[in-house]
Amino acid sequence: FAKNSAHRRRDMAYTLLRNGTLIDGRGGAPIPDAAVLIKGERIRAAGRLADIPQPEGEIATIDLAGGAILPGLIDTHVHLVFEGFDLVAMMNTPFSMRFYKVMERMKRTLVAGITTVRDASGADLGMKRAVEQGLIAGPRLQISITGLSCTGGHGDDWTVSGSNPGVPPYPGQPDGLCDGIDEVRRKVREVLRAGADVIKVSTTGGVLSPTDHPTHTQFSPEELDVIVREASYRGKRVMAHAQGTPGIKNALRAGIHSIEHGIYLDDECIEIMLRQGTFLVPTLLAPVMVLEAGTESGRMPEYGVRKAREVIGIHHASAAKAYRAGVKIAMGTDSGVGAHGQNLRELGLLCEIGMSPMEALVATTKTAAECLGWEDQLGTLEPGKLADVVVARTDPLADIRSLESKENIALVLQGGRIVVDRR
């Protein structure tokens with residue numbers, strides 16, 4: 001990580017990133033011999049070096065040695081408080097360890113070039129504020145606090161032995177279990193009170209939940225209507241873990257903003273998503289990580305490995321079908337299922353469903369920012385936006401998988417401040 005004393009700048013100073021190829025996040029042709037002019041935490045100009053205005057005042061110039069200049073990359077689905085599902089280890093880890101472990105996971109995520117994440121349950125308001133106040137290094141956070149689950153659903157960690165390896169509720173994270181109209185209404189209000197930026201709900205079972213299956217439908221349409229309505233009263237959106245077809249349709253008909261995973265999409269699901277402008281966050285890496293962990297370490301529940309094998313091909317085909325139809329796809333990984341810091345493996349998987357490297361980059365920049373509702377601040381390199389910038393040593397359009405190696409991420413700026421420097 002960059003030394004703060006060497007790289008922190010006065011707000012009135014300018015920084016000029018020059019001698020790179022600009023890939024600005026909007027999907028247009030790359031711009032050679034480009035530069036980005038930054039003042040404080042904001043971008044003042046981005047484009048051909050010859051077109052960058054010459055400002056008055058102190059300018060710190062950074063030569064990028066021909067690297068690719070990208071917007072800060074965004075992962076719209078992570079779980080920073082988890083890493084793998086070793087149930088025995090989880091049940092024998094002191095509660096407070098989760099907070100210390102998150103710090104190291106945040107650093108790994110930032111080193112990979114991910115400057116912003118949407119945490120899909122687990123991270124709380126204290127973690128978000130610790131990053132905002134500079135107490136710890138990590139991506140800026142949009143948080144859902146805890147996922148809402150019906151009893152016995154995805155998010156209920158109770159096992160048939162009667163044990164519960166999950167994290168017990170605490171003041172910063174209410175219990176997410178709720179059943180019935182009155183309970184779901186109260187639970188949305190509790191999670192919003194705890195500081196949630198977005199509401200997360202599971203409308204189906206999942207691969208890593210012990211007592212259900214991805215095709216199982218959870219929560220009634222009436223319950224989902226209340227969840228979406230209560231969130232809307234506070235100007236918040238709802239993201240849905242939704243894998244089975246009926247549960248996806250229930251989520252869509254309730255007006256949920258983004259479908260996470262979307263393993264069993266049919267033509268009607270896709271038609272509704274296109275009509276409503278719903279985002280799909282496919283998390284293609286998730287079942288891959290489950291199978292890797294099960295094979296390499298054996299520290300993955302048998303039921304998770306079995307279900308991952310069952311759905312991985314279907315998952316890939318559904319995402320490909322949605323892409324071909326024109327559904328808006330935002331990059332998300334479900335990191336936490338496996339190791340953090342491997343987020344950009346998802347880009348190669350997006351290309352496997354048919355995306356071009358440029359489209360995959362847009363999915364993790366412009367479209368991801370739109371999914372978070374932060375498109376006015378992030379996602380593209382344009383004047384007025386926050387100066388989140390990633391510089392790669394390689395050409396990601398020629399080899400998208402080159403970004404998977406952290407050694408190829410030469411420089412990361414977050415809000416105009418250098419946070420990773422491997423030059």
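This is a guided tour of a predicted model, arranged as a series of selections.

**Strand S1 and its partners**

Begin by selecting strand S1, residues 14-22, together with strand S4, residues 59-63. These two strands run parallel and are joined by five bridges. Within this pairing, Arg18 has Asp63 of S4 as its bridge partner.

Keep S1 displayed and add strand S2, residues 31-39. Here the direction is antiparallel, and seven bridges connect S1 with S2. Arg18 serves again as a useful marker, since its bridge partner in S2 is Ala35.

Next, add strand S5, residues 68-71, which runs parallel to S1 and is joined to S1 by two bridges. Thr21 is the residue to centre on, with Ala68 of S5 standing opposite.

Before leaving S1, select Asn19, which lies in this strand. The phi of Asn19 is near 65 degrees, a positive value in a residue that is not glycine. Asn19 has 29% relative accessibility and therefore counts as partly exposed.

**The sheet S6-S7-S8**

Now select strands S6, S7 and S8, which form an open sheet in that order with parallel pairing. Strand S6 (73-78) and strand S8 (140-143) are the edge strands, each pairing on one side only. From one strand to the next, the twist averages 20 degrees.

To examine one pairing in detail, show strand S7, residues 114-119, beside S8; four bridges join these parallel strands. Asp119 can be picked out here, as Asp119 stands opposite Ile143 in S8.

**The loop between S8 and S9**

Continue into the loop between S8 and S9 and select Ile145, which is located there. Is Ile145 buried or exposed? With 0% relative accessibility, Ile145 counts as buried. Its backbone also deserves inspection: Ile145 has a positive phi of about 65 degrees, although Ile145 is not a glycine.

**The six-stranded sheet**

Beyond this loop, select the strands S9 to S14. They make up an open sheet of six strands, in the order S9-S10-S11-S12-S13-S14, and the pairing is parallel. Strand S9 (147-148) and strand S14 stand at the edges with a single partner strand each, so one side of each has no neighbour in the sheet.

Inside this sheet, display strand S12, residues 258-261, with strand S13, residues 279-281. The two run parallel and are joined by three bridges. Glu260 has Val281 of S13 as its bridge partner.

**The nonpolar cores**

For the next view, show side chains. The largest nonpolar core has 94 residues, of which Ile199, Val201, Ile227, Leu347 and Leu350 touch the most other members. Centre on Ile199 and leave aside its neighbours within four places in sequence: Ile199 is then in contact with Leu148, Val188, Val191, Leu192, Ile227, Ala231, Arg237, Val238 and Met239.

Another core, of 16 residues, lies apart from the largest one. Its members include Leu17, Ile62, Leu64 and Ile69.

**Helix H11**

Select helix H11, residues 345-352. Six of its eight residues are buried, so H11 is largely enclosed by the rest of the structure. The buried residues are Arg345, Glu346, Leu347, Gly348, Leu349 and Leu350. Leu347 and Leu350 will be recognised from the list of residues that touch the most other members of the largest nonpolar core.

Which elements do the buried residues of H11 pack against? Add helix H9 (285-296), strand S14 (328-329) and helix H12 (357-363) to the display, as the packing is against these elements. Just after H11, select Gly354, which takes a positive phi of about 125 degrees.

**The cysteines**

Finish by selecting the cysteine sulfurs. How many disulfides does a search of the whole structure find? The search finds zero. Cys351 is in no disulfide, and the nearest cysteine sulfur, that of Cys371, is 19 Å away.

Move to Cys371 as the last stop. The closest cysteine sulfur to that of Cys371 is in Cys269, at 17 Å, which is too far for a bond, as a disulfide requires sulfur atoms within 2.5 Å. Cys371 counts as buried because its relative accessibility is 2%.

Terms used: Residues are numbered from 1 along each chain as its sequence is written. This is a predicted model: local features need pLDDT of at least 70, side-chain atom pairs count only at pLDDT 80 or more; totals for chains, interfaces and linings use all residues. Side-chain values use heavy atoms; hydrogens and water are left out. Two strands pair if DSSP finds at least two bridges between them. Axes are lines fitted to C-alpha atoms, for helices over the stretch in contact, and angles run from 0 to 180 degrees between N-to-C directions. Buried means under 20% relative accessible area, exposed over 50%, partly exposed in between (1.4 Å probe, protein chains only). Contact means heavy atoms within 4.5 Å. A nonpolar core is a set of buried Ala, Val, Leu, Ile, Met, Phe, Trp, Tyr and Cys residues joined through side-chain atoms within 4.5 Å.
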